[in-house]
Structures are given as structure tokens and as C-alpha cells.
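Reader: Please show me the structure, and let me ask how its descriptive terms are justified.

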Amino acid sequence: MSRSAHPAGPRHADVLPEGHYTAPPTDLNVLDEKVWARTVGRNDDGVVTVGGMEVTRLAEEFGTPAYFLDEADFRARCRAWADAFGKDADVFYAGKAFLSRAVVRWLKEEGLNLDVCSGGELTTALDAGMPADRIAFHGNNKSQEEIDRAVEAGVGRIVVDSFQEIVRVAHTAQRLGTRQRVQIRVTVGVEAHTHEFIATAHEDQKFGIPLAGGQAAEAVRRALRLDGIELIGIHSHIGSQIFDTSGFEVAAHRVVRLLAEIRDEHGIELPEIDLGGGLGIAYTSDDDPREPHDIAKALNEIVTRECEAARLRTPRISVEPGRAIVGPTAFTLYEVGTIKPLEGLRTYVSVDGGMSDNIRTALYDAEYSVALVSRTSTAGPMLARVVGKHCESGDIVVKDAFLPADLAPGDLIAVPATGAYCRSMASNYNHALRPPVVAVTDGEARVIVRRETEEDLLRLDVG
Ligand code: LLP
């Protein structure tokens, strides 16, 4: 994202440092609805509320740092995705973005399916009552034990990721006297426009079987020869936090070309294709994500057009949004601790969490927004860097953002759009206690993942 330094700046500095920031908003008290969960707003006292509850009260009751998740927003986004794709397609929520038993129940109630990628996610899904046939099992290195459990449970599909796995799944299914529905994950050779660590369709990386050199076609040949497998389709996931559909277009084109080759060689038309997840969300006011309806329309048109050109029946499409469903629904609430103005640079605002509850800034150079939420302020903007309390200078939560210059220890600030890949990637670095996830809706707040305790840490330490 290209952004330019703004001529105005922090009160305490005449010269502005290099940075990725745009002009400070004219009113720092205004919350950009693009980046905040749907029920978030400010009440007459200037306190931010979510689901009808004041953040000051939530902080008192649940402590900080904590993730607050707007359940109504989560459910609305599930419905928006399901409605957009309609009954001729399947939406699988990608559990890696954030998974808990409550989330599984919401998905089940809203009619979504679930993509899991580990034994732990599978256990959570089954334990919370997701019907196995609505589960897809992913992963580039599934253990034999995970394959056994997935096949035994009767998952709706296993997305196989290597030649070895095709054989393993087939043998497992045979041993268990069943036939496993399988999709083959291919890499289509697309460079998705996103951070290198979250791009997954170019060939030089660990996921999938390349279309290049006929490797995917060979995987199909082998799968079709094995009795334990029912090959139902081809899977492609090009990466994450993607805003334009051109990468999906190329992916769909290449996947459909493979379907046509399979028809020509084997005389069968595979009934399904999965285009993966990866749709971007707004982390800052500069991001402009597309609506599910728009995305569904674009993907359906691309697949239909490609299939018509190849004279194939249009397969059933599935997609796997994770971030686009849960990401915007939550924010992290922190209490401000020490504040250090660095002359000519910026002001370092330390909070009571950090890279242990949000690793994305350090890992992907991700950008976030932040706002003072326990009160309003009429003070001017101060260029701030929100940092955590870990023993690492890269422990940054928000790299460059404007906060009111009268910010003080004890104020509450919140970072929006932290529903995806924050709690799910949280760590115990420095023996930090991972924060709770609190679901808020209609004036009620309920812990769905509790805060870790020091007893939890000591329980694992058995030396
Ligand atoms: N399907 C497959 C096969 C995936 O590998 C992923 C994400 C998804 C769906 C969901 O993608 P989403 O819609 O959430 O972008 N930790 C990184 C993202 C890694 C994504 C891994 N796979 C981040 O924080 O940005």
C-alpha cells in the first residue's frame, strides 16, 4: 500500500519521520465503519460500545487485553456469504482464522460448512456438533493419525496435497471399509498480489501439486486408479488478503482447463471445484474490500464462461473465506501504559499486550488502525506507534497511527479488525497469558475462550 507522509504531524515534532501514514483524520473521535464491527459506535458520553455494551464496562468485567467479538456481525457475514453463493455452491468457513466451539455452533446454525486443517480443529468442530459431512480436511502434511480420524469421522472431503497422501488416504479408507471423497489441491502458478508469506499459488512453495509439467494430471490418474478414493474435484487457494479477482480468474481458467483434460483423457467430468479463500478485508480506511455478493457474481461468471468455452458442465463451486467472515467482527481492547514521546520521531504508546496477541504486524508488516475508545478527546493528533510489552523491539501492534495528543496511561484504546489470525496465532512469548475472546451481542457479553492463567502455564511445565 503506498502512502505518503503528511505535512502536519505530532505536536512535539517539527520534522516528520518516514512512515506509512496518511493525513490524520479531521476528527479522531470518528470511527470509520469500514474497519469496525457493525454494532460498534460511541454513546452520548463518548464511550465506544459494541453490542450495546460500553468498552469501559467490558474492560472492568473481563480485563485487558481482550478480544471482543460482535456475534451479530459474525452471523450476518455468514449469511451474506451463504446468500451470495446460493444453493448451488458451498461456503466453507476457514477455521484457521479463528475457531472455538461457539463459532462452530454459529456456523452450523447459519448453514455454513467448515474447513479444518489439523486434528485439533477437527476435534473442536466435531465436539461442538458440526456434522462430519459438512467438514473439509486440509493440510500439506496430515499425519496418519489425522487421516484415520478424518476418514473414521466421515468428513465430507479430504483435500489431498501430495502424491503420498493420495495413497495414504486411499489405503486408510480401504482399511476402514469405506470410500473417501477427495479433492486434489493444485498450484496454478499465479502470483497473488499479497505478502510473500501468505501467497500460495506460485509453484515454489510447499502447498499443492503443480499443474505445471503435468504433475496435477498425474495425481488425478493415480487417484482415479485407487478404490478407496472418490475423486470429486480440484482445489485451488491462491493466497490471502487479496482485493482483486484477477488472480481467481487465472486460477479458475487453469483449473477448468485441467477438468477438460481429465474429461478428454478419462471420459469423466469432475463435479466440483473449490477456489479457496483469501478475500481481503479493511484493516485501515485505505482498504476497499468487495462485498460477498460481488465476489460470488464475479467467480460464478468466470467459472461459467470458462466451462462454456471448454464445453463442460459447470461444476459446483465452493469457497473458503476465513478472514472475510471473522476478521472485521472483533477488536482488541488494550489499556495504555507508558507513553514515550521521542523528539523528532514519534510517540511510543505501550499497551498491556503486543506481539503475543497480534503477531501479524511483526510477521507480515500488516497495517492496523487504532482509536481511543474510553472517552473522546479534543486534543490534536499525535503520530503514535502502538507497541506491546514484550522483550523485542519488533513488538509493534500498530506501526503508524494518529492518536489524540492528550492520551494518558489508563486510557483504553482498541485495534479493530483483529478477529482473524490474531487469537488463532497468539503465543505465550515471555509467558504472556493469551487473552480471552468475549462474544458480545444485544447487551450481553459472554466469554467464549477464557483468558489463560498462570496455572495454565505451570500445568504444562512438568519438569
Ligand atoms: N483455504 C485454504 C486452503 C487456506 O490455506 C486458507 C488460509 C483459507 C482458505 C482462508 O484464507 P482467508 O480467507 O482467511 O484469507 N496467517 C495469515 C493468513 C494465512 C492463511 C492461510 N490459509 C494472516 O494472518 O494473514
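Author: The questions below take up the whole chain, a sheet, the ligand and two loop residues.

Author: This is a predicted model, in which local features need pLDDT of at least 70 and side-chain atom pairs count only at pLDDT 80 or more, while totals for chains, interfaces and linings use all residues. Residues are numbered from 1 along each chain as its sequence is written, and side-chain values use heavy atoms, with hydrogens and water left out.

Reader: What makes the protein chain as compact as a globular protein of its length?

Author: The chain has 12 helices and 21 strands; helices (H or I, at least four residues) and strands (E, at least two) are DSSP runs, numbered from the N terminus. Its radius of gyration, taken over C-alpha atoms, is set against the globule rule, 2.2 Å times the number of residues to the power 0.38. The chain's value is 24 Å and the rule gives 23 Å for 463 residues, which is close, so the chain is as compact as a globular protein of that length.

Reader: How do you know that β2 is joined to β3?

Author: Two strands pair if DSSP finds at least two bridges between them. Strand β2 (residues 48-50) and β3 are joined by 2 bridges and run antiparallel, so the definition is met. T49 has E54 in β3 as its bridge partner.

Reader: Why do β1 and β3 count as edges?

Author: The open sheet has 3 strands in the order β1-β2-β3, with antiparallel pairing. β1 (41-42) and β3 (53-54) each have a single partner strand, so one side of each has no neighbour in the sheet.

Reader: What makes the approach of E320 to the ligand a polar contact?

Author: A polar contact is a pair of N or O atoms within 3.5 Å; within protein, one must be able to donate a hydrogen and the other to accept it, and residues adjacent in sequence count only if both atoms are side-chain atoms. An N or O atom in the E320 side chain is 2.7 Å from a ligand nitrogen, so the pair is inside the limit. An N or O atom in the side chain of Y421 lies 2.6 Å from a ligand oxygen.

Reader: How much of the ligand does the protein bury?

Author: By the Shrake-Rupley method with a 1.4 Å probe (for residues, only the protein chains shown count as cover), the ligand alone exposes 580 Å², and the protein buries 91% of that.

Reader: What is notable about P65 and N430?

Author: A cis peptide bond, with omega about -10°, joins T64 and P65. N430 has a positive phi of about 60° although it is not a glycine.
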